[in-house]
Amino acid sequence: MTIDPVIYSYVSEEERYPPDAAIVKEGDRGYWVYIILEGRCKVKKRSSRGTITLASLQVGDIFGEMSFFIRNRLPRTTTIVADGPVLVGILDTDRLNKELKKLSPRLKQVVEMMFNRLREASDKVAELAAQVK
Amino acid sequence: MTFLTGSVQPRTASARAVGPTELEVWHPQLLMYEYEAMPTILKYILDQSLRRLMRMNTLISKLNERREKSEALIQKKIQDTSRRQFFRKSVGLDCYFKPLQTVFQFRNSGTVTDISKGGARIEVHRTKHMALATFKPGDLFSLKIYLTPQSEFDAKAMLVFQGALKDSENIALGFSFQEMSEDCRKALSFFLK
């Protein structure tokens with residue numbers, strides 16, 4: 001998969017990670033938004049019965065966006081681990097912020113609601129997965 | 001959600017007013033116009049996140065279903081094991097138990113108040129073991145019971161009940177033995193005679 005040039009134009013920096021490196025750690029503070037340019041990653045989350053894998057990400061997938069979009073800027077909700085060598089792009093958050101400001105208040109509300117629901121849903125999945133483990 | 005998913009999917013949940021409620025209704029067309037006019041990068045991120053949310057919701061339903069099934073299975077197992085088949089001997093033996101499935105594999109101590117070939121009842125001090133709250137019927141443990149100061153008994157056991165004792169700071173835990181060595185089985189049989 002190739003990245004849309006419009007999307008790629010938002011990449012301000014590129015970083016390479018070795019296999020098994022934690023690119024984003026659950027509980028950490030950080031507002032960078034990443035896009036996978038090469039390789040694959042795993043989304044992991046702590047639960048009462050150990051760490052579980054929630055999803056796999058591939059080229060073109062975005063991560064770290066939740067902390068950016070939720071207004072009170074919560075800590076990272078998941079850990080993103082490189083599943084092999086990975087090249088990620090860091091999106092220009094200043095530009096993203098400018099774009100976000102262009103949205104109407106009601107649309108911003110819809111966007112924030114969706115990310116809050118996504119956060120709640122991933123917490124719920126981790127809790128349930130631990131119970132049925 | 002119906003708006004975000006393009007209004008083609010049926011409603012995914014019901015919303016019921018729990019008290020007098022005032023709502024502002026947004027016209028989907030207006031919202032859609034704004035959504036479509038959104039900068040490409042935001043739309044790209046939002047579309048991806050929306051797909052993730054829908055996948056998570058499906059996963060939650062599936063996991064709920066699996067949990068209900070496994071709970072029913074555990075309940076059945078508990079009912080089966082709670083039918084006492086063996087003579088229970090009242091005792092006061094020191095013991096240690098350790099959860100096998102959780103990441104917190106710390107050792108807890110307690111007193112065995114009665115024991116049979118099928119299981120044991122252990123009392124532990126509630127404030128001494130805060131982690132007890134995280135244990136639930138169906139969890140597996142390794143048990144070490146001192147039948148005599150010289151004779152240790154080890155077994156893998158399943159927690160079948162957990163309950164606070166009236167007028168006491170203790171909690172009672174009921175375990176059903178799942179696995180034990182032949183030597184331990186003999187030692188227990190000899191002890192119960």
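# Two chains, their helix contact and their enclosed spaces

In this predicted model, the residues A:R106, A:L107 and A:V110 of helix α4 in chain A meet B:L30, B:L31, B:E34 and B:Y35 of helix α1 in chain B, where a contact means heavy atoms within 4.5 Å. Helix α4(A) spans residues 105-132 and α1(B) residues 28-36, and their axes come within 10 Å of each other while crossing at roughly 80 degrees; the axes are lines fitted to C-alpha atoms over the stretch in contact, with angles from 0 to 180 degrees between N-to-C directions. That crossing makes α4(A) roughly perpendicular to α1(B), a term kept for angles of 65 to 115 degrees. The residues of this contact comprise 5 nonpolar and 2 charged ones, with no polar residue (nonpolar: Ala, Val, Leu, Ile, Met, Phe, Trp, Tyr, Cys and Pro; charged: Asp, Glu, Lys and Arg; polar: the others, Gly among them).

Residues are numbered from 1 along each chain as its sequence is written, while chains are lettered from A and ligands numbered from 1 in the order in which they are written. Local features need pLDDT of at least 70 and side-chain atom pairs pLDDT 80 or more, whereas totals for chains, interfaces and linings use all residues, and side-chain values use heavy atoms, with hydrogens and water left out.

The two chains can next be taken one at a time. Chain A contains 4 helices and 8 strands (DSSP runs, H or I of at least four residues for helices and E of at least two for strands, numbered from the N terminus), and along its sequence these elements follow the pattern α-β-β-β-β-β-β-α-β-β-α-α. Of the 133 residues in chain A, 54% are buried, that is, under 20% relative accessible area with a 1.4 Å probe and protein chains only. Among the contacts in chain A between residues at least 6 apart in sequence, 79% join residues at least 24 apart. Chain B has 3 helices and 6 strands, which run α-α-β-β-β-β-β-β-α from the N terminus on. Buried residues account for 36% of its 193 residues, and 57% of the contacts in chain B with a separation of 6 or more are between residues 24 or more positions apart.

A:P75 offers a local view of chain A, since this residue lies in the loop between α2 and β7 (79-82) and is partly exposed, with a relative accessible area of 26% (the class runs from 20% to 50%). Although A:P75 and A:E26 are 49 residues apart in sequence, their C-alpha atoms are 7.2 Å apart in space. Leaving aside residues up to four places away in sequence, A:P75 touches A:G27, A:D28, A:R29 and A:S67.

The model also has 1 cavity of 30 Å³ or more, a cavity being a set of points on a 1 Å grid over the protein atoms alone where a 1.4 Å probe fits but cannot get out, with lining residues having an atom within 4 Å of a point. The largest cavity has a volume of about 250 Å³ (the space filled by probe spheres set on the points, which are joined across faces, edges and corners). Of the 19 residues that line the largest cavity, A:V43, A:M66, A:T78, A:I80 and B:R52 are the closest to its centre. Its lining draws at least two residues each from β5 (50-57), α2 (65-69) and α4 of chain A and from α2 of chain B.

How values were computed. Angles under 35 degrees count as roughly parallel, over 145 as roughly antiparallel, 65 to 115 as roughly perpendicular and the rest as oblique. On a 1 Å grid over the protein atoms alone, a cavity is a set of points where a 1.4 Å probe fits but cannot get out, and a pocket is an open set with protein on both sides within 12 Å along at least five of seven lines; lining residues have an atom within 4 Å of a point.
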